[in-house]
Each structure stands twice: as C-alpha cells, then as structure tokens.
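Let's walk through a structure together, one feature at a time. Have it open beside you as you read.

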Amino acid sequence: MKVTAIANSNIALTKYWGKRDKKMMLPFAGSVSMTLDSMFTKTTVEFDSKYDRDIFVLNGKELKDGEEYEEVVDHLNLIREMAKVKEHARVVSENNFPTAAGLASSASGFAALSLAGSKAAGLNLDERGLSILSRRGSGSASRSIAGGFVHWHRGEKEDGSDSFAEQIASPDHWDIRMVVAVTTKAEKKIKSRAGMAQSVDNCPYYSQWVKECEKDIENVKKAVRKKDFKLLGKTAEMNCLKMHAVMMTTSPPIIYWTPSTIEVVTAVLSWREEGLECYFTIDGGPQVKIICQGKDAEEIERRLKNMGVAKETHICKIGGPAKVVEDHLF
Ligand code: DP6
C-alpha cells in the first residue's frame with residue numbers, strides 16, 4: 001500500500017538539548033513547542049517486493065548512502081520490525097522550506113515518515129504511538145504529530161513508553177505567530193545530534209540547564225493556559241539564551257549565531273523597548289524566529305524586510321496535526 005502524509009515543523013519554546021539515552025532517543029528534560037502551519041514535509045511511502053533496497057528521494061534528489069539515507073533506513077527497519085513486514089520501501093519526501101538550516105526539517109521529516117510509513121506497513125498507531133515512533137527518528141519529531149502547543153514529556157521509563165508529546169492547547173486557542181527570518185540557506189555545520197551529545201559530555205553547566213528546563217516548561221504551560229504573552233515570550237527567549245549559553249560553553253564551542261543573527265536579536269530587543277511586544281528564539285542554526293501576537297506580525301515582518309538582513313521572511317501561524325493525504329508524490 002502507498003500512503004502519503006504531511007507533517008508540520010515545530011519550533012520549541014523551551015528547548016530539547018541532550019539525550020539520556022541515545023539509542024532510545026530519550027531526553028534529559030521535557031520541552032514545549034508550537035507547531036507551525038506553513039513549513040511542512042510531505043512524504044509518500046510504499047513497501048513492495050519489487051524494491052531490492054530502500055530508496056529515499058529528498059527534494060527531488062535520490063540519496064543512495066550517507067547519514068541521512070542511513071537514518072531513514074534505520075527508521076524503516078523499526079517500522080518493519082513493529083509491523084512484521086519484510087519488503088523494502090520507496091520513500092519520496094519534500095520540504096517546502098530549507099532543509100537542515102535550523103528550521104526543524106528533521107522534526108517534520110520524521111513525523112511525516114512515521115505516519116506514512118506506519119500506515120503503509122499496515123500499522124494503525126494512535127497519536128501517542130506515532131509520537132513515540134517519530135521520537136526514535138529525531139527527538140523533536142515527537143512534537144510534530146500533534147498540532148497547536150505541544151509538550152514532550154521527558155518520561156522516566158527506560159523503554160521510552162512514557163516519553164511522548166501531547167497537545168496542551170489547540171491551534172485556535174490563541175493567535176500567536178512566529179515571524180521567521182531566514183538569514184542564510186546554507187546547511188548547518190554541526191548537526192544538533194552531535195552538538196547536544198558534546199554538551200552533555202563537556203559543558204560544565206549542563207546539569208543546571210536541565211533544572212532550568214523543568215521550571216521553564218511550567219511557566220510556558222501556565223502562559224499558554226492564561227494567554228499571558230509576556231510570560232510566554234520572556235520564558236521562551238530566556239530558555240533559548242540558556243541553551244545557546246550551554247552550546248557556547250561546550251568544548252569545542254558550538255556557535256550557530258552569525259552577525260545577521262545578532263543584528264536581528266538586537267533589533268527585537270530595541271523594538272520591545274519601543275513598545276512592540278516581541279521575543280526571539282533560535283535553534284541549531286543562524287535563523288531567528290520572532291514570537292509575537294497576531295496583530296503585530298505584519299509590522300514585525302515589515303521592519304525585518306527594511307533591515308535587509310533576512311534572505312527570506314515568513315509569518316507562521318499555529319499549525320495543525322500531522323495528517324494523511326490522498327495526492328501521492330509518486
Ligand atoms: C535546537 O530533534 O534535531 O532544535 O533528536 O538528535 O534528531 P535529534 O535532534 P533534533 O534536535 C533539536 C534541537 C533544537 C531544539 C528543539 O527543537 O527542541
């Protein structure tokens with residue numbers, strides 16, 4: 001059977017940076033994110049005996065080996081094991097935004113692959129099961145199955161059965177937006193996976209980071225519940241700075257910021273002083289995402305464009321859950 005799924009990307013409001021179990025992809029701390037509506041991956045999967053090896057085509061290009069190909073094959077193996085299926089698969093995937101540049105392409109990618117792949121293999125997983133399967137591909141992908149505001153629970157169990165993400169508020173609960181400033185389209189030099197492993201091993205502040213995350217999660221959840229924008233923005237921005245402080249004080253240092261990143265960050269701080277309520281967040285790359293309320297999104301985008309540092313800007317609303325669609329990519 002051939003199945004196609006679309007999953008939205010998500011941006012963390014409190015970040016995930018570090019695994020306590022690399023094989024099971026279990027985090028040291030939970031995290032909270034917002035699903036984005038306009039940055040997504042579409043993936044078609046078909047298991048069939050006509051394929052003599054797994055085929056993976058990403059954005060029109062077949063990847064025959066290398067890290068990304070191996071990660072997809074590992075994920076297909078996991079699905080085959082769960083579904084007791086033996087056939088190889090053809091996987092065709094498209095992102096509608098720059099891949100691997102700090103815009104969470106692994107999140108939407110593994111969520112779409114998990115939904116399409118599990119269904120194509122004959123499994124019928126519920127949202128929790130899909131989140132757990134997605135997590136095995138990429139931690140942040142666990143947060144791209146549900147829509148709206150999402151909490152990935154750290155969990156306690158070694159088998160990972162309690163480390164999954166669930167919705168804390170639906171997309172229509174609150175009109176929050178992210179204005180994305182794409183400062184470079186180049187792929188990042190240090191992948192999150194390798195970077196976070198270095199931080200766990202070599203950052204002297206790592207244990208403090210984990211403690212801060214638990215407090216920040218509670219504040220973000222409270223902010224969402226009460227629609228307290230200041231608390232949301234302040235907590236998310238500070239959590240991002242704490243994560244980047246951990247990255248920068250890892251040896252060797254992990255520095256994703258470029259001069260354009262800092263230009264946008266300082267602009268956000270000065271806009272806020274002028275009374276335009278907005279906050280920044282940054283992941284494993286130089287892009288800056290500006291968190292704002294719906295009423296201010298266009299003004300923020302206008303100011304960003306005027307600065308001339310962003311190659312592209314996008315206003316993202318809160319997105320819905322991953323879903324199965326009918327139009328296949330092959
Ligand atoms: C900085 O989920 O890409 O974006 O689990 O190793 O695949 P793996 O890492 P990944 O890391 C995301 C890191 C981050 C923060 C976040 O999204 O929470």
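What follows is a short dialogue between a learner and a teacher.

Q: What kind of model is this, and how are residues numbered?

A: This is a predicted model, where local features need pLDDT of at least 70, side-chain atom pairs count only at pLDDT 80 or more, and totals for chains, interfaces and linings use all residues. Residues are numbered from 1 along each chain as its sequence is written, and side-chain values use heavy atoms, with hydrogens and water left out.

Q: Let's start with the ligand. Which residues come nearest?

A: A residue is near a molecule or strand if one of its heavy atoms lies within 4 Å of it. Here 17 residues surround the ligand, and Tyr 16, Lys 19, Ser 138, Gly 139 and Ser 140 come nearest.

Q: What classes of residue make up the shell around the ligand?

A: For the classes, Ala, Val, Leu, Ile, Met, Phe, Trp, Tyr, Cys and Pro count as nonpolar, Asp, Glu, Lys and Arg as charged, and the others, Gly among them, as polar. The shell splits into 6 nonpolar, 6 polar and 5 charged residues.

Q: Which polar side-chain atoms lie by an oxygen atom of the ligand?

A: Look for polar contacts: pairs of N or O atoms within 3.5 Å (within protein, one must be able to donate a hydrogen and the other to accept it, and residues adjacent in sequence count only if both atoms are side-chain atoms). Tyr 16 has a polar side-chain atom 2.6 Å from an oxygen atom of the ligand, and Lys 19 has one at 2.6 Å from a ligand oxygen as well. For Ser 106, the distance from a polar side-chain atom to a ligand oxygen is 3.2 Å. As for cover, the ligand taken alone exposes 460 Å², and the protein buries 92% of that. Those accessible areas come from the Shrake-Rupley method with a 1.4 Å probe; for residues, only the protein chains shown count as cover.

Q: Which helix gives the most to that shell?

A: Helices (H or I, at least four residues) and strands (E, at least two) are DSSP runs, numbered from the N terminus. Helix 4, residues 192-202, gives the most, with 3 residues.

Q: Which residues of helix 4 are buried, and what do they pack against?

A: Buried means under 20% relative accessible area, exposed over 50%, and partly exposed in between (1.4 Å probe, protein chains only). In helix 4, the buried ones are Gly 195, Met 196, Ala 197 and Ser 199. They pack against strand 2 (19-21), helix 5 (206-226) and helix 6 (229-248), where contact means heavy atoms within 4.5 Å.

Q: Now for charges. How many salt bridges are there?

A: The general idea is that side chains of opposite charge can pair when their charged atoms come close. A salt bridge is a side-chain nitrogen of Lys or Arg within 4 Å of a carboxyl oxygen of Asp or Glu. By this rule, the count is 17.

Q: Where do Lys 215 and Glu 212 lie?

A: Both are in helix 5, 3 residues apart, about one turn of the helix. Their side chains form a salt bridge, 3.5 Å from N to O, and Glu 212 is buried at 16% relative accessible area. Glu 212, Lys 215, Asp 216 and Lys 242 are also linked in a network of salt bridges.

Q: Which distant parts of the chain does the salt bridge between Arg 303 and Glu 274 link?

A: The closest N and O atoms of Arg 303 and Glu 274 are 3.1 Å apart. This pair is 29 residues apart: Arg 303 lies in helix 8 (residues 297-307), and Glu 274 in the loop between helix 7 (259-273) and strand 11 (278-281). Arg 303 is partly exposed at 21%, while Glu 274 is exposed at 57%.

Q: What about the backbone: which residues have a positive phi, and which peptide bond is cis?

A: Most residues other than glycine have a negative phi, and most peptide bonds are trans. Met 25 has a positive phi near 60°; Met 25 sits in the loop between strand 2 and strand 3 (26-27) and is buried at 4%. Lys 227 has a positive phi of about 50°, and its place is the loop between helix 5 and helix 6. The peptide bond from Ser 251 to Pro 252 is cis, with omega near -5°, and Pro 252 is in the loop between helix 6 and helix 7.
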